[in-house]
Amino acid sequence: MDERRKRRGPGSAPTLPEAENPIHRVRHSIALTGYRALAGRSGRLPANWRDRLPDPAAYYAQHVAKLGKPNASGWAQGACPFHDDHAASCSVHVGDARGGWRCFAGCGAGDLVAFHMRRTGLAFAEAVRDLIGKTDR
């Protein structure tokens, strides 16, 4: 029997290689590094950084070409800015504060911050600062 599949008693956690260990992936993820960079020396995120992000409807209206009207669920379709798109393959959620997006051609998916990171090439912390700075002006 495979060593990893053996049943173990209480208190004995299975040993997985680092690549398969979900805890290792979370501890070393890019997003977590971005959170730590945004937090700065204090180690804490600003309490309201997500509340200070721009309205997804206004943001996506500026950055997604041919953006249509949202459906009953709050999703609107438009041309994906990340590839030469002749059809509306990018779907954005303008009815939610997180502003989710997904490209059905395979470019990716995420929230408003991930979209801005992809569009500008900034790291997480810089992308959040850029988005927050634009709403403060």
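Okay, quick definition before I start: when I say two strands pair, I mean that DSSP finds at least two bridges between them. Keep that in mind for the sheet part. And one caveat, this is a predicted model.

So, the overall layout. The protein chain has five helices and four strands. If you walk along the sequence, the order is α-α-α-β-β-β-β-α-α, so you meet three helices, then the four strands, then two more helices. The chain has 137 residues, and 29% of them are buried. On the outside, the chain exposes about 9,100 Å², with carbon and sulfur atoms supplying 52% of that. And if you take the contacts with a separation of 6 or more, 35% are between residues 24 or more positions apart.

Now the strands, and let's stay with β2, residues 90-93. Who does β2 pair with? On one hand there's β1, residues 75-78, antiparallel to β2 over four bridges. On the other there's β3, residues 101-103, also antiparallel to β2, with three bridges. C90 is a handy residue to click on here. C90 is the bridge partner of G78, and C90 is also bridged to C103 in β3.

What about the faces of β2, covered or open? Both are covered: C90 and V92 are buried on one side, and S91 and H93 are buried on the other.

Okay, over to helix α3, residues 56-63. Which residues are buried there? P56, Y59 and Y60. Those three span an arc of only 90° around the axis, so they sit on the same side of α3. Flip to the other side of the helix and you find A61 and Q62, which are exposed.

Last bit, the core. The largest nonpolar core has 22 residues. The members that touch the most others are W49, L53, Y60, V92, W101, V113 and F115. You'll recognise a couple of names: Y60 was on the buried side of α3, and V92 was one of the buried residues in β2.

Where do the core residues come from? The elements giving two or more are α3, β2, β3, α4, which is 112-120, and α5, which is 124-136. And which element gives the most? That's α5, with five residues.

So if you open the model yourself, I'd start at C90, go across to G78 and C103, then look at V92 and Y60 in the core. That's it from me.

Note on methods: Residues numbered from 1 in each chain as written. Predicted model: local features only at pLDDT ≥ 70, side-chain atom pairs only at ≥ 80, totals over all residues. Heavy atoms only, no water. Buried < 20%, exposed > 50% of the residue type's maximum accessible area, 1.4 Å probe, protein only. Contact = heavy atoms within 4.5 Å. Areas by Shrake-Rupley, 256 points an atom, 1.4 Å probe, with all protein chains shown as cover. Arc of directions from axis to C-beta. Core = buried A, V, L, I, M, F, W, Y, C linked by side-chain atoms within 4.5 Å.
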